[in-house]
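Visitor: Please walk me through this structure in short questions and answers.
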Amino acid sequence: MADIHIGHLSDFADRRARTVQWDGTEWAVFLLSDGTFRAIENRCPHKAGKLSEGIVCDHHVYCPLHDWKIDMNDGQVQAPDTGCVASIEVIHHEATGKIFLRTESVTLKQSS
Amino acid sequence: MKRKLVMVGNGMAGVAFVEQLLKLNPNKYEITIIGAEPHPNYNRIMLSSVLAGDAEMKDIVLNDWDWYRDNHIMLHVGHTVTQIDTAKKTVHTDQGLAVAYDELVLATGSLPFMLPLPGADKEGVIAFRDIKDCNTMIETSRKYKKAIVIGGGLLGLEAARGLLNLNMEVSVVHIFNYLMERQLDPTGSKMLQAELERQGMKFLLEKQSDTIVGKKRVTGLRFKDGTQEDADLIVMAVGIKPNVQIAKEAGIEVNRGIVVNDVMATSAPNVYSLGECAEHRGIVYGLVAPLYEQGAVLAKHLAGVETKGYAGSVLSTKLKVSGVQVFSAGQFTDEPGTKALRVQDDLSGVYKKVVFQDGKVVGAVLFGDTAEGSKLFSLIRSGEDYTGREREVLFGKEGGGGASSTADLVEAMSGDEIVCGCNGVTKDTIVEAIKEKGCVSLGEIKACTKASGSCGGCKPLVEQILASTLGEDNVKKVKEGICGCTELSRDEVVESITRMKLKTSKEVMHVLEWRNPEGCSKCRPALNYYLGMVFPEEHEDELESRFVNERNHANIQKDGTFSVVPRIYGGVTTPEELKRIADVAGKYDVPLVKITGGQRIDLLGVKKEDLPNMWRDLDMPSGYAYGKALRTVKTCVGNTFCRFGTQDSIGMGIAMEKRFERLNTPAKVKLAVSGCPRNCAEATIKDLGVVAIDGGWEIYVGGNGGTKVRAADLLTKVKTEDEVLEWTGAYLQYYRETANFGERTSEWLQRVGLAHIKAALADQGERQALVGRIEKTLDLMKDPWQQIIESDDLRKAFDSLTANSPDAASGGSLNVVQGALAEKPQAE
């Protein structure tokens with residue numbers, strides 16, 4: 001298990017996401033307004049909507065299909081809906097600007 | 001050359017007919033109206049309300065003097081037509097006026113039937129028919145005490161109620177042994193009488209009037225049985241008779257009323273009749289709804305529009321005197337062959353009767369609770385067959401509550417029934433949220449259960465559950481802002497943006513102290529829109545605050561693919577364009593190619609990363625099928641080829657689509673242009689629809705063909721294409737500047753009122769100012785597909801990143817980030 005290089009800081013825009021395939025899963029990698037990154041499985045537990053296309057508000061993203069709200073810190077769907085998505089840590093190497101996914105940090109999904 | 005249309009009579013039925021005619025064909029006729037009363041058209045039915053003190057005279061005017069002038073109608077009031085010369089096609093009035101006609105419409109209404117009693121000519125004996133009568137009653141109540149109303153029918157009881165309100169002592173004399181026998185059965189009538197007696201009315205039933213006593217002024221009424229009753233005022237409300245004298249004298253066929261056929265034509269050529277003076281298939285109508293139907297048919301006939309003709313009406317009445325709820329419709333008496341379902345509750349004062357024939361509802365009487373009146377009336381008209389399940393009409397399915405009012409509906413619902421269909425929320429869930437989670441407002445229930453959080457249609461039901469569960473006084477009414485992040489309304493937000501010159505959504509949320517510093521999925525796009533609307537030149541569009549569709553300029557589908565809809569102006573394409581679309585669809589293996597309702601072509605199932613290349617290969621502008629923007633301008637063929645077309649609807653439509661494409665609006669906007677009043681482009685269910693008429697264009701606004709279908713209202717009529725563009729630009733800009741984000745024009749128009757919008761656009765200077773502002777916005781817009789193709793930065797957002805696995809030989813990325821990973825174990 002290692003850190004997977006996926007891109008560079010310049011590939012990202014404020015409160016937007018890029019997608020990347022790894023280990024059979026599509027991940028949505030977000031750059032938040034405070035300069036930090038989050039990455040979650042790009043699949044809403046409701047009807048498999050692409051979370052990468054959602055609107056980002058602080059560390060939350062709203063699924064573009066039916067507006068489910070997901071906390072990107074822990075992958076939990078917010079009330080009144082329930083569910084969760086897998087999340088993975090993102091490493092931003094400041095010196096080079098390179099962006100990595102920390103593969104051993106993947107949190108397993110509790111429900112599918 | 002306009003034909004001369006002359007109408008005798010200036011009342012509700014006649015003027016409604018003229019309004020319809022003007023809508024259909026305003027330029028065919030030169031219209032003259034001759035009316036005996038010195039007033040413009042007023043709502044005679046509301047005289048009861050004026051009498052009762054619920055309305056003022058000015059409130060009941062339907063068409064003021066200006067209306068006649070604005071529509072170029074020649075109006076002669078205070079003239080009574082005394083002679084119709086069908087040979088010379090001229091009418092003569094008592095003031096010596098002679099008016100020639102090509103088409104004549106007799107809408108002379110009724111005269112109140114005055115009992116020919118001795119003494120009927122004394123002072124203080126009147127009918128209850130017009131404004132003059134109303135004024136007499138009001139004046140009399142100031143000086144005198146006792147009033148008698150002869151006639152216990154609909155009109156008499158309304159007169160009696162009005163007089164009670166004027167503080168007179170009122171007795172109602174009726175020849176029959178129960179009241180309102182034309183609308184009620186004996187049971188309903190007895191309940192009505194009890195209620196009216198409770199209100200202070202006295203009744204003298206089965207009394208036949210004999211003589212009116214008094215000197216110059218009335219002092220009393222003597223009956224045939226010898227008894228007598230004092231009175232300072234006698235109102236005769238014993239019926240009306242059609243005003244047909246002049247028709248009879250002119251040799252036109254008259255029975256009880258002026259006999260007309262299914263297109264309201266009389267026996268004389270070019271002479272028509274409608275309203276209370278007309279008799280159709282043996283019936284003379286005394287209620288207003290059938291008369292409006294007659295007017296609509298006659299208008300079509302004279303405008304040259306096809307009509308199936310008038311086939312008679314089913315009648316319904318609602319007694320509109322305050323406090324008394326009575327409804328009757330259809331055939332409510334117990335005839336052979338009918339069976340009735342009755343509910344009588346003397347304790348609550350409720351009586352309901354539904355009459356069935358062959359399983360269909362043919363009549364109904366409701367007293368005390370008339371909430372189901374409209375439903376029953378529509379069942380009578382539709383003729384739905386309830387054989388085997390008749391009880392459902394009053395009791396609903398399975399013996400539940402069955403009534404149409406919200407409170408009853410909610411009461412009748414079982415706990416596991418779905419209240420919010422969009423989100424599948426049951427009544428139990430909502431009650432639980434109230435009882436166990438402490439929700440006391442609509443907003444809290446929404447946050448807790450999602451009920452009423454999507455389309456909002458169940459809001460009344462949820463509010464009712466709140467009220468029923470908590471008790472009306474305990475429901476918390478929270479001031480709702482544009483979303484959960486703020487209490488500020490849309491107007492307050494826009495005002496702040498304008499005044500403080502806020503330029504980004506971040507600024508707005510910070511300065512206006514949003515609860516959530518980065519907002520939510522509701523307010524971020526809304527703010528982005530408002531900022532762009534107020535400061536089109538300065539505000540930089542915030543891609544991160546756009547819905548996915550508007551950001552990617554394509555419609556997201558359920559599986560994460562997208563659809564591509566190129567612009568096809570006015571629904572007109574070419575073989576070359578079609579070939580290009582087909583080639584692109586083939587090249588990118590597009591799973592579904594579909595023709596849209598907007599008269600263009602949709603390519604569905606497109607992968608996100610293929611979008612920019614497809615746009616490049618199509619080389620067509622974006623059709624904006626995804627945006628809160630102008631969508632399409634649908635057209636019908638018009639006079640380019642159609643034999644009925646009066647104008648070039650295609651040319652007009654294309655000009656409009658080219659002028660306003662890309663315009664961002666509070667909600668999607670759909671336009672259409674029809675080439676003649678047949679309206680094949682369905683312009684009248686559009687946000688703005690243009691209908692060609694002979695010599696010009698009509699502009700209709702506020703229509704909607706979606707979940708809440710609404711026919712558009714006429715905004716204005718213009719002559720030239722340039723004027724159409726000017727009015728459209730002004731209207732759209734006014735909508736952009738004042739509507740809520742997400743509010744369709746039909747909702748906005750109903751909220752602010754058509755009159756208000758008309759007033760805002762009335763002045764040409766104001767329209768041009770609006771047009772100036774919309775052009776400023778339009779000039780800044782560029783084709784988004786082209787922009788994305790040309791910008792690497794924008795293009796790359798459509799590609800995925802690729803994961804590179806760490807490479808041991810080169811040390812891969814791990815070596816480079818050695819420092820950062822120093823504390824972590826190396827990979828295996």
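The questions below go from chain A to the contact between chains, and then to the helices, sheets and cores of chain B.

Guide: This is a predicted model: local features need pLDDT of at least 70, side-chain atom pairs count only at pLDDT 80 or more, and totals for chains, interfaces and linings use all residues. Residues are numbered from 1 along each chain as its sequence is written, while chains are lettered from A and ligands numbered from 1 in the order in which they are written.

Visitor: How many helices and strands does chain A have?
Guide: Helices (H or I, at least four residues) and strands (E, at least two) are DSSP runs, numbered from the N terminus. From the N terminus on, the elements of chain A run β-β-β-β-β-β-β-β-β. The count is zero helices and nine strands.

Visitor: What share of chain A counts as buried?
Guide: A residue is buried if 20 or more other C-beta atoms lie within 10 Å of its own, exposed if 12 or fewer, and partly exposed in between, with C-beta atoms placed from the backbone. Chain A has 112 residues, and the buried share is 44%.

Visitor: Why does Cys84(A) fall into its burial class, and which class is it?
Guide: Cys84(A) sits in the loop between β7 (69-71) and β8 (87-93) of chain A. Its C-alpha atom is separated by 9.6 Å from that of His46(A), 38 residues apart along the chain. Because Cys84(A) has 19 C-beta neighbours inside 10 Å, its class is partly exposed.

Visitor: Which element gives the most to the side of chain B that touches chain A?
Guide: Two residues are in contact if their C-beta atoms, placed from the backbone, lie within 7 Å. The contact takes 31 residues from chain B and 32 residues from chain A. On the side of chain B, the elements that give two or more residues are α13 (442-449) and α28 (812-816). With three residues, the top contributor is α28(B).

Visitor: How many residues of each class are on that side of chain B?
Guide: Ala, Val, Leu, Ile, Met, Phe, Trp, Tyr, Cys and Pro count as nonpolar, Asp, Glu, Lys and Arg as charged, and the others, Gly among them, as polar. The side of chain B that touches chain A has 16 nonpolar, 11 polar and four charged residues.

Visitor: Is Ile434(B) buried or exposed?
Guide: Ile434(B) lies in helix α12 (residues 427-435) of chain B. Leaving out residues up to four places away in sequence, Ile434(B) touches Cys439(B), Leu466(B), Thr469(B) and Leu470(B). It has 24 C-beta neighbours inside 10 Å, so Ile434(B) counts as buried.

Visitor: Within what arc do the buried residues of α9(B) fall?
Guide: In helix α9 (residues 373-382) of chain B, the buried residues are Gly373(B), Leu376(B), Phe377(B), Leu379(B) and Ile380(B). The arc is that of the directions from the helix axis to the C-beta atoms. The buried residues line one face of α9(B), because seen down its axis they fall within an arc of 160 degrees.

Visitor: Which strands stand at the edges of the sheet β28-β29-β31-β30?
Guide: Two strands pair if DSSP finds at least two bridges between them. This open sheet of four strands in chain B has antiparallel pairing. Inside it, three bridges join β29 (residues 562-564) to β31 (residues 601-606). Two strands have a single partner each, so one side of each is left without a neighbour in the sheet: β28 (555-556) and β30 (592-595) of chain B.

Visitor: Which residue takes a positive phi in the hairpin of β23(B) and β24(B)?
Guide: Strand β23 (residues 339-345) and strand β24 (residues 350-357) of chain B pair in the antiparallel sense over seven bridges. Arg342(B) stands opposite Lys353(B). The hairpin has four residues between the strands, and the one with a positive phi near 70 degrees is Gly349(B).

Visitor: Which helix gives the largest share of the largest nonpolar core?
Guide: A nonpolar core is a set of buried Ala, Val, Leu, Ile, Met, Phe, Trp, Tyr and Cys residues joined through C-beta atoms within 7 Å. The largest has 65 residues, and Val701(B) and Tyr731(B) are among those that touch the most other members. Seven residues, the largest share, come from residues 721-738 of chain B, helix α22.
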